[in-house]
Amino acid sequence: MTNPPDISASMSPRRVAVLPEHIANKIAAGEVIQRPESVVKELLENALDAGAHSIEVIIKDGGKELVQITDDGTGMDEQDAVASFLRHATSKIVSFEDLEVIRTYGFRGEALASIAAVSQVTMKTRRAGDDVATVVKLAGEEPQTVSRDARGPGTSVTVQNLFFNVPARRKFLKTTNTEFRHIHDVVQRTALAHPGLAFTFVSDGETVFRLKPSTIDQRIVDLFGQRTVESLLPVEEQTDFLTVRGFIGKPAFGQKTRLSQFLYLNGRIISSRSIGFAVGTAYEHLLINGTYPFYLLFLEIDPHRIDVNVHPSKMEVKFDDEQGVNRFVSALVRKTLGAAGAVPAMSFTEGYPGSGDLRLGFTVRQHAWGSGDSQGIGWTLPERSRVDALTGEIFPPPAGQMPPGSQDLLAFPAATPFLPGREGEMPLSEPPQLLWQLHNKYILSQIRHGVMIVDQHVAHERILYEKALERFANGLRTSQQLLFPVTVQLPAGDYAILDDIFPHVEGLGFDLKRFGKNTVVIEGVPPDVKAGHEQSILEEILALYKEYQRESPGEAQDLVAKSFSCKSAIKAGDPLTEAEMRSLIDQLFGTTMPYVCPHGRPIVLRISTEELDRRFGRR
Ligand code: ADP
Ligand code: MG
């Protein structure tokens, strides 16, 4: 019998070694625990997973000195309490398949191990059925100690001196204030997602908040105050694939930072740039420059269609159909804003010192609109007039009184899309209110709680813009054939542009024939184009399209719609009959976004009776 060859001699002296547990944990900790906030987040999640009804968060020095989280959840027996600090110790996943449908917050089983690797941890825990609580103490590489103590059912985890043994990380921590803000943010976000649970948050001995179990509305009041609640609009939409509910801020409730954007997916706090962007675009130009919308949105998606495990702190999420989710959210926000009919109320420029200078400069006042006025803006046209506008029958334009070209105002109502479900949004009151035209530019009317001023040009622009989009979307173009086709010779550059956007221009309702070099023949036009203006409008569309494209490149079709609506709309200076004004107003409130023109200018301003009373010293 021969000995097996001795191979060790030929091997290099280096061996593959398994890292000692405490070093592995320290490395893993770098991923999971970035700052005191991460500790708070992990411990909060554990408390939630343990079915707590009441959670207390105590921190000192921005969490750098102390984070202590106490819950009244299930608690653990001694064996589990000790095991919970082992890496990949988790009670939440038993099989790989489970990973797909995780409903609990934690599942990686790394948090406690990681925290213990870089701080001094004490866990005290007791199950309801046990007599005594188990106390487990760990600190970095030091051996853990286990002892007994008394406490009520539940668990408290005390984390002291985070990164005490990783000086580089400790140095990296920010000021107490900054760390506090991060922790405050995560506690607040958690409390918003669980209004039914009690939360107490104490920082450096001061109670930051103490929240009783309540409804989501009340929780918002408790955290942000009554005024915030009044500045929000509820949203809710459910499909097989996706459910979204929550609140969005009225546009006047613009926020200085993005901190008031709360997003959750299947109950988890997430951040998503793309959803944030989708919400932002729905506000279009409704927000005052430099402000961000408030939103609190809870998304629910079949867990099979998302991947929550893309980031160790589980903040970022991948969707199967990211685009679909974004579109859905954007449409929902847009719909909600449109339906709410929030109009910028305005006050006279604040602070003019009784100089007798009744400046007509208006400022949009923040937080002023719609609050408490659930009926919306109170536009006072009777329902009848909307229907009339649709048929064009009740307000026939008195012959001879029509301003040149304004016929189209009455000619197009039949084609105006009144979106389903918008009827209720036309806030009505009897009897029909008078309409006045100011300086052939603005339409003025009494509304339920004040006075409303509409800019006629941008109002018409909004109407035409939406009609154009509608035509693009449904392919139902209407074209008015010209008795005498118009031949247009374009500069070569413009002709090239026209070539690029030809299908879109046709989609609007233009019938064009290319005719030799740089020449087109206009054989038909959209019904909104005034007779005699066929050529100039086409040229203006091209010119404006060029300009828009330079300033803010966008989708060609959208730019065409914007150019067309701007150029075909009635202008400031066009006199209107009352019937035309009514028609215009009716159609305006049939659009999805009656308050802002496609370029972001306001269409409607409101001065409340209160504001007038105040100005006249009535109160
Ligand atoms: P994970 O949450 O990913 O499972 P953790 O390291 O955060 O991993 O926790 C490990 C285990 O310890 C959990 O699975 C849970 O069983 C237990 N545990 C942690 N915190 C608590 C708590 N507050 N109450 C009851 N059990 C807890
Ligand atoms: Mg956990």
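Let's start with Gln261. Gln261 is buried, at a relative accessible area of 13%. The cut-off for buried is under 20%, so Gln261 qualifies. One caution before I go on: this is a predicted model.

Where does Gln261 sit? It belongs to strand β11, residues 261-265. And what does Gln261 touch? Leaving out residues up to four places away in sequence, the contacts are Arg189, Tyr292, Pro293 and Tyr295.

Next, the nonpolar cores. The largest one has 54 residues. Which residues have the most contacts inside it? Those are Val40, Leu43, Ile55, Val57, Val187 and Leu296. Two domains feed this core: domain 1, 21-213, and domain 2, 231-360, each give at least three residues. There is also a second, separate core. That one has 48 residues, including Ala282, Tyr283, Phe328 and Met593.

Let me stay with Ile55 for a moment. Ile55 is among the residues with the most contacts inside the largest core. Again setting aside residues up to four places away in sequence, here is what Ile55 touches. We have Leu44, Ala47 and Leu48. Then come Ile69, Thr70 and Asp71. Then Ala198, Phe199 and Thr200. Please find Ile55 on the screen and go through those neighbours.

Now a strand pair. Take β9, residues 232-238, and β10, residues 242-249. How do they run, parallel or antiparallel? They are antiparallel, and seven bridges join them. The connection from β9 to β10 is a hairpin of three residues. For a reference point in the pair, use Glu236: its bridge partner in β10 is Arg245. As a reminder for reading any such pair, side chains in a regular strand alternate between the two faces of the sheet.

Last topic: backbone angles. Most residues other than glycine have a negative phi. Here are two residues to check against that.

First up, Asn161. Its phi is positive, about 50°, and it is not a glycine. Asn161 lies in the loop between β6, 154-160, and α5, 167-172. Is Asn161 buried, partly exposed or exposed? The relative accessible area is 27%, so Asn161 is partly exposed.

Then Asn440. Here too phi is positive, about 50°, in a residue that is not a glycine. Asn440 is in the loop between β18, 435-438, and β19, 442-447. With 30% relative accessibility, Asn440 also counts as partly exposed.

That's my tour. Over to you for discussion.

Terms used
Residues are numbered from 1 along each chain as its sequence is written. Chains are lettered from A and ligands numbered from 1 in the order in which they are written. This is a predicted model: local features need pLDDT of at least 70, side-chain atom pairs count only at pLDDT 80 or more; totals for chains, interfaces and linings use all residues. Side-chain values use heavy atoms; hydrogens and water are left out. Two strands pair if DSSP finds at least two bridges between them. Helices (H or I, at least four residues) and strands (E, at least two) are DSSP runs, numbered from the N terminus. Buried means under 20% relative accessible area, exposed over 50%, partly exposed in between (1.4 Å probe, protein chains only). A nonpolar core is a set of buried Ala, Val, Leu, Ile, Met, Phe, Trp, Tyr and Cys residues joined through side-chain atoms within 4.5 Å. Domain bounds come from an automatic or database domain assignment. Contact means heavy atoms within 4.5 Å.
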